Amino acid sequence: MSQDDRHDETAPHARIPRGARSLSGRLVLLLLVPLLAAQWLTVASLMDRDQAAAAARDLSQRIDLVAEVGAMFAPVALETAASLGMAEVDRLGVDREIVTQVLGVDYALYIVDSRTEVDDGLDHLVADHPDVVLPSGRLVRDRVREVRGPLEAMRAQLDARRATADEVSAAMGGVSELVGEITDLSRDLHDDRRGHRRRRRG
């Protein structure tokens, strides 16, 4: 027997029967498959958790948005009514101070206070929810920018005692439409919450 033959016999693979090597391979596969499956399930579970967390964050943001716009209903209605009243007084050519003394209603005070609250509400919408998509497909920040132009122009006209009732109605109507659009999200929000509960039960 040559030296090479003796070397082959003492090599590690020469000492392991072929059947044993085949059995070892099958054992490795049997152990490897469950391990890979467990890793895949772990990754899938983490992905599901990430998606659930993202959905929860979105839901929370929309709840905050609906709550914020709900606080704007009264100021918008008050500014609309006070501005229309003031525009009518100016149209009749009656001095505003006389109206305040006779009726005991200080339209100017109502206007100042309601304007502040409406502006604060619009500022919060842009600061806190600029990228929320409304049912119309528009972003909150874009819609706020759209309504602010006519609103500021109308206010300047009213302060100069030149605003008409139509101008007031158009400008304040734009703000009311924005508030209505955001309020419509509450219906989708309710549907999302019901779907979220069904997924948790499932």
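This is a short tour of a predicted model, going from the whole chain to three helices that meet and then to a few single residues.

**Start with the whole chain**

Show the cartoon and colour by secondary structure. You should find 8 helices and 0 strands, so there is no sheet to look for by the definition used. Follow the chain from its N terminus and the pattern reads α-α-α-α-α-α-α-α. Switch to a surface-accessibility colouring next: of the 202 residues, 26% are buried. If you draw contacts between residues at least 6 apart in sequence, 72% of them join residues at least 24 apart.

**Select α6 and α7**

Pick residues 107–128 for α6 and 140–159 for α7. Their axes come within 10 Å and cross at roughly 160 degrees. Parallel or antiparallel? The angle is over 145 degrees, therefore the two count as roughly antiparallel. The crossing of α6 and α7 is left-handed.

Now turn on side chains where the pair touch. On the α6 side, select I111, R115, V118, D119, L122, D123, L125 and V126. Their partners in α7 are V140, R141, V144, R148, L151, R155, L158 and D159. Colour this contact by residue class and you get 9 nonpolar, no polar and 7 charged residues.

**Zoom in on R148**

Stay on α7, where R148 sits. What does the side chain of R148 pair with? Look for D123: a polar contact of 2.4 Å joins the two side chains. Leaving out residues up to four places away in sequence, R148 touches D119, L122 and D123.

**Add α4 against α6**

Bring in α4, residues 73–92. The axes of α4 and α6 come within 8 Å and cross at roughly 145 degrees, and this crossing is left-handed too. From α4, select P75, V76, L78, E79, A82, S83, G85 and M86; they meet Y107, A108, Y110, I111, S114, R115, E117 and V118 of α6. By class, that contact has 10 nonpolar, 3 polar and 3 charged residues.

**Then α4 against α7**

Keep α4 on screen and swap α6 for α7. Here the axes come within 11 Å and cross at roughly 40 degrees, which makes α4 oblique to α7. As α4 passes α7, the crossing is left-handed. The residues to pick are E79, S83, M86, A87 and D90 in α4, with L151, M154, R155 and L158 in α7. This contact divides into 5 nonpolar, 1 polar and 3 charged residues.

While all three helices are visible, try E79, S83 and M86 of α4: they are listed in the contact with α6 and again in the contact with α7. On α7, L151, R155 and L158 meet α4 and also belong to the contact with α6.

**Stop at D90**

D90 is part of α4. Buried or exposed? It has a relative accessible area of 14%, so D90 counts as buried, the cut-off being under 20%. Beyond residues up to four places away in sequence, D90 touches R96, L158 and R161.

**Finish at α5**

Finally, select residues 96–103, which form α5. At the N-terminal end, D95 acts as the cap: one of its side-chain oxygens lies 2.9 Å from the backbone nitrogen of E97. Go to the other end and click G104, just after α5, where phi is positive at about 75 degrees.

Methods. Residues numbered from 1 in each chain as written. Predicted model: local features only at pLDDT ≥ 70, side-chain atom pairs only at ≥ 80, totals over all residues. Heavy atoms only, no water. Polar contact = N/O pair within 3.5 Å; in protein donor to acceptor, adjacent residues only side chain to side chain. Helix = DSSP H or I, 4+ residues; strand = E, 2+ residues; numbered from the N terminus. Axes fitted to C-alpha atoms, helices over the stretch in contact; angles between N-to-C directions. Parallel < 35°, antiparallel > 145°, perpendicular 65-115°, else oblique. Left-handed = near helix turned anticlockwise from the far one by under 90°. Contact = heavy atoms within 4.5 Å. Nonpolar A, V, L, I, M, F, W, Y, C, P; charged D, E, K, R; others polar. Buried < 20%, exposed > 50% of the residue type's maximum accessible area, 1.4 Å probe, protein only.
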